[in-house]
Amino acid sequence: MKIGFIGLGNMGGPMAANLAAAGHAVAGYDLTAPMPAGVTTVASAAEAAHGAEVVITMLPNGAILRSVAAEVLPAMAAGSVLCDCSTVDVDSARAVAEQAEALGLAALDAPVSGGVGGATAGTLTFMVGGPDAAFATVRPLFDIMGQKAVHCGAAGAGQSAKICNNMILGVTMIATCEAFALADKLGLDRQKMFDVVSTSSGYSWTMNAYCPAPGIGPKSPADNGYAPGFAAELMLKDLRLSQQAAEAADADTPMGQLAAALYARFVEVEDGKGRDFSAMLPRFEKRHREA
Ligand code: NAD
């Protein structure tokens, strides 16, 4: 397949490399990032889109996606598909889909879970919104870049699934970390705490698979000095997107709102920037009860 790929950073680079390694013709464009082996460099986003059956974008945010889409959509061939894999706000995903439709094209929002490790290993999970036919066109590419692609519904459904999942993740990580810090102060051994909670009703992915306490449970960023992994600032980005969507949809999300405020403080005021999002545990460890 002829593929245009725009945004080859930490995630997009290995995703494009996997498509090229599988034998697809990939034309890549990025403002700064180097092109991985097998990907042909082109001089503009429009050139990457020219003649491509599928154009994939992996960009930092919704504003950049909108500006890239405005350049790319008019350059795309009839019947081709724009597949955005970035994490962006639901409104931007829907706006881009409407522009595509107006030009007789199709767009998918297909954000991912799995991080840089998943992008490199080709084991990402894609959450996809958009028309059935476009999903069917891109499906073989999802199968190369990932292990699972869930078609969640119409335009915006992929981004909606992503931010709801990550809102649960942020809230659960905070709950797991504050519970460990409480257990410490109660003199409860961390390993015993893990042994009980991981097999009791408090179990969760953050406890069982990504334990924030070093030396306990399966290997996680806690065992590597809290180097990310999934950086706290990326969690903050996703929590903010969840609250932007909740505001627009008039949804009451008090725990999501608290989690967004706590990660904002951690990243912007304290020492959370550049650390894994599970570094909330050493943060709580040092603290005392607020009045
Ligand atoms: P990144 O900053 O490493 O990559 C983004 C790339 O886009 C950069 O190389 C940048 O030069 C390029 N870019 C920016 N504006 C451009 C433009 N106008 N034209 C062409 N290229 C442009 O970020 P990343 O970690 O690869 O993340 C990409 C997206 O994936 C984000 O939306 C992020 O939220 C999401 N995501 C990241 C992770 C992760 O663990 N890193 C996990 C899941 C989802």
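## A tour from Phe 277

Start by selecting Phe 277: skipping its neighbours within four places in sequence, you'll find it in contact with Leu 169, Met 173, Tyr 210, Phe 230, Ala 231, Ala 232, Met 235 and Tyr 263. Bear in mind that you're looking at a predicted model.

Keep Phe 277 selected and add Tyr 263. Among the 35 residues of the largest nonpolar core, these two touch the most other members. Now colour the helices that feed this core: α7, α8 (190–197), α10 (232–249), α11 and α12 (280–285) each supply at least two of its residues. Which helix gives the most to this core? That's α7, with 8 residues.

Next, show just α7 (residues 157–185) and α11 (residues 254–268). Their axes come within 9 Å and cross at roughly 70°. Angles from 65 to 115 degrees count as roughly perpendicular, so α7 is roughly perpendicular to α11. The crossing of the two helices is left-handed.

Zoom in on where they meet. On the α7 side, select Met 167, Gly 170, Val 171, Met 173 and Ile 174. On the α11 side, pick Met 255, Gly 256, Ala 259, Leu 262 and Tyr 263. You've run into Met 173 and Tyr 263 already: both are in contact with Phe 277. Try colouring this α7–α11 contact by residue class, and you'll get 8 nonpolar, 2 polar and no charged residues.

For the last stop, leave Phe 277 and head for another core. Select Met 15, Met 58, Val 81 and Val 112, which are included in a second, separate core of 31 residues.

Note on methods:
Residues are numbered from 1 along each chain as its sequence is written. This is a predicted model: local features need pLDDT of at least 70, side-chain atom pairs count only at pLDDT 80 or more; totals for chains, interfaces and linings use all residues. Side-chain values use heavy atoms; hydrogens and water are left out. Axes are lines fitted to C-alpha atoms, for helices over the stretch in contact, and angles run from 0 to 180 degrees between N-to-C directions. Helices (H or I, at least four residues) and strands (E, at least two) are DSSP runs, numbered from the N terminus. Angles under 35 degrees count as roughly parallel, over 145 as roughly antiparallel, 65 to 115 as roughly perpendicular and the rest as oblique. A crossing is left-handed if the near helix is turned anticlockwise from the far one by less than a right angle, and right-handed if clockwise. Contact means heavy atoms within 4.5 Å. Ala, Val, Leu, Ile, Met, Phe, Trp, Tyr, Cys and Pro count as nonpolar, Asp, Glu, Lys and Arg as charged, and the others, Gly among them, as polar. A nonpolar core is a set of buried Ala, Val, Leu, Ile, Met, Phe, Trp, Tyr and Cys residues joined through side-chain atoms within 4.5 Å. Buried means under 20% relative accessible area, exposed over 50%, partly exposed in between (1.4 Å probe, protein chains only).
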